[in-house]
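Me: I am new to this structure and would like a close look at a single part, namely one chain and the places where its helices meet its partner. Please take me through it slowly and in connected prose.

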Amino acid sequence: MKDTTLVVAGMGTLAAGTYAFRLAGQLLRARITFPPRATRLLEAAAVILLAALVATTALTEGHGFSGFARPAGVLVAGVLAWRKAPFLVVVLAAAVVTALLRLVGVA
Amino acid sequence: MRSIWRTLDRRVLADIGLTCLAVFFIGLSYGAIAVASGFPLWVPAAQSVLVLAGASEFLFVGIVAAGGSPIAAALAGLLVNSRHLPYGLALPPGVTGRRRGRLLGTHIMNDESVVFALAQPDPQRKRAAYWACGLGVLACWPGGAVIGGLIGSAVHDTSAFGLDAMFPAVILALIVKDLRDARTLRAALAGAAIALAATPFLPAGLPVLLALAVVLVLVRAPAATPQPDPQPVAARSGSTP
């Protein structure tokens, strides 16, 4: 691991900042009337960030391609989620499909 | 605490239990991946309790393991966690508790607790569902992370179990409701494409931030048909119970 002090500082920043986000929305809600468009935009921003996160974590490893097994598992999970399968089924399907593909030699 | 069990019907509690079980499994994968990436067990253990927001913790561990700065990793994680602000806006006042109770009630705000709260019909049940799910996640996420870290350090090769596919699958399951909106889907696909295209060239974490630029395009595009929407979008989004 890298310098422990730096890692602890990063963890502290993430923890404190996340708590601040959790608190800020409630405090704003109690004080300010937001136009619906503004709240929609914040939510859309989060969804776009998360979608990008799904794409990069499913398809890449470091700066390169992750191999086929993982994105295949995530794709199956995505189809199941789209068809409104239960959350646990979706998540376990991703792991099982990926594990089975690796078992038969697909990277 | 006992009032939670009396207030919520059994089906809602079962859904919450199932969700917490899934969170436990992702926690397993998180702890295993963190330890496999070279972190001592206390890092995922402490972070799972203090941050209590899975996606940002995965991102933090991923960026630092890839050689990125922990501060940059924290800032990237904070961008992912900024969605908690609209969650707070979407929750009716009082759901997270009052006075001292709100200190903990604020901390247990996450995708799952928020979506369960919003799905309930009245303030009492919203509050009960929020706390039941929030406390369940507070127990299952760190519990999974610690056990996963122990298993991971014993097994070494977690990829054989396909655990690395669980995280993107969870996030996908959580946002799939939002992606049914055509405009959001277009923006998300564009963001994903930008992040993928940038990954070979940019330091870890930055491609995801770059994808956010797509939002600016969204803002500038004139609102084609302003739809009547009495509820913020945040109220309808989140995990599938």
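Reply:

**A close look at chain B**

In this predicted model, chain B has an average pLDDT of 81, and 83% of its residues score at least 70. That average covers a spread among the elements of chain B, where helix α3 (residues 42–50) has the highest mean pLDDT, 97, and helix α13 (residues 213–220) the lowest, 62. Over residues 222–241 of chain B the pLDDT is below 50, although this stretch still has 34 contacts in the model beyond near neighbours in sequence. Where pLDDT is low, the predicted coordinates should not be read in detail. For the model as a whole, the scores are an ipTM of 0.79 and a pTM of 0.68.

The make-up of chain B can be stated briefly, since its secondary structure comes to 13 helices and zero strands. Of the 241 residues in chain B, 54% count as buried. If one takes the contacts in chain B between residues at least 6 apart in sequence, 71% of them join residues at least 24 apart.

The meeting with chain A can be followed through one helix of that chain, α1(A), which covers residues 4–31. Helix α1(A) packs against α3(B) at an angle of about 15°, and the two axes are 10 Å apart. Because an angle under 35 degrees counts as roughly parallel, α1(A) is described as roughly parallel to α3(B). The crossing of these two helices, α1(A) and α3(B), is right-handed. On the side of α1(A), the contact is made by Thr4(A), Val7(A), Val8(A), Met11(A), Leu14(A) and Ala15(A), while α3(B) brings Trp42(B), Val43(B), Ala46(B), Gln47(B) and Leu50(B). Sorted by character, the residues of this contact between α1(A) and α3(B) are nine nonpolar, two polar and no charged.

Helix α1(A) also packs against α4(B), here at an angle of about 155° and with the axes 12 Å apart. Since angles over 145 degrees count as roughly antiparallel, α1(A) and α4(B) are roughly antiparallel to each other. The crossing of α1(A) and α4(B) is right-handed. In this contact Val7(A), Gly10(A), Met11(A) and Leu14(A) of α1(A) meet Ser56(B), Phe60(B) and Val64(B) of α4(B). The residues of the contact between α1(A) and α4(B) divide into five nonpolar, two polar and no charged.

Between α3 and α4 (54–65) of chain B there is a loop, and Leu52(B) lies in it. The phi of Leu52(B) is near 55°, which is a positive value in a residue other than glycine. Leu52(B) counts as buried, because its relative accessibility is 3% and the cut-off for buried is under 20%. Another residue with a positive phi, of about 50°, is Arg99(B), which is not a glycine either. Arg99(B) belongs to the loop between α6 (84–90) and α7 (101–107) of chain B, and with a relative accessible area of 79% Arg99(B) is exposed.

Three residues within helices of chain B add detail to this picture. Ser29(B) is found in helix α2 (residues 10–36) of chain B and counts as buried, at 0% relative accessibility. Leaving aside neighbours within four places in sequence, Ser29(B) is in contact with Phe58(B), Leu163(B) and Met166(B).

Further along, Ile171(B) sits in helix α10 (residues 166–179) of chain B and is buried, with a relative accessible area of 4%. When residues up to four places away in sequence are not counted, Ile171(B) touches Leu50(A) and Val54(A) as well as Ala55(B). Ile171(B) and Ala55(B) are 116 residues apart in sequence, and in space their C-alpha atoms are 7.6 Å apart.

Finally, Ala192(B) has its place in helix α11 (residues 182–198) of chain B, where it counts as buried at 11% relative accessibility. Not counting residues up to four places away in sequence, Ala192(B) touches Ala51(A), Ala52(A) and Ala55(A). From C-alpha to C-alpha, Ala192(B) and Ala211(B) are 6.7 Å apart in space, with their positions 19 residues apart in sequence counted as their separation.

Terms used
Residues numbered from 1 in each chain as written. Chains lettered and ligands numbered in written order. Predicted model: local features only at pLDDT ≥ 70, side-chain atom pairs only at ≥ 80, totals over all residues. Heavy atoms only, no water. pLDDT = per-residue confidence, 0-100. Helix = DSSP H or I, 4+ residues; strand = E, 2+ residues; numbered from the N terminus. Contact = heavy atoms within 4.5 Å. Buried < 20%, exposed > 50% of the residue type's maximum accessible area, 1.4 Å probe, protein only. Axes fitted to C-alpha atoms, helices over the stretch in contact; angles between N-to-C directions. Parallel < 35°, antiparallel > 145°, perpendicular 65-115°, else oblique. Left-handed = near helix turned anticlockwise from the far one by under 90°. Nonpolar A, V, L, I, M, F, W, Y, C, P; charged D, E, K, R; others polar.
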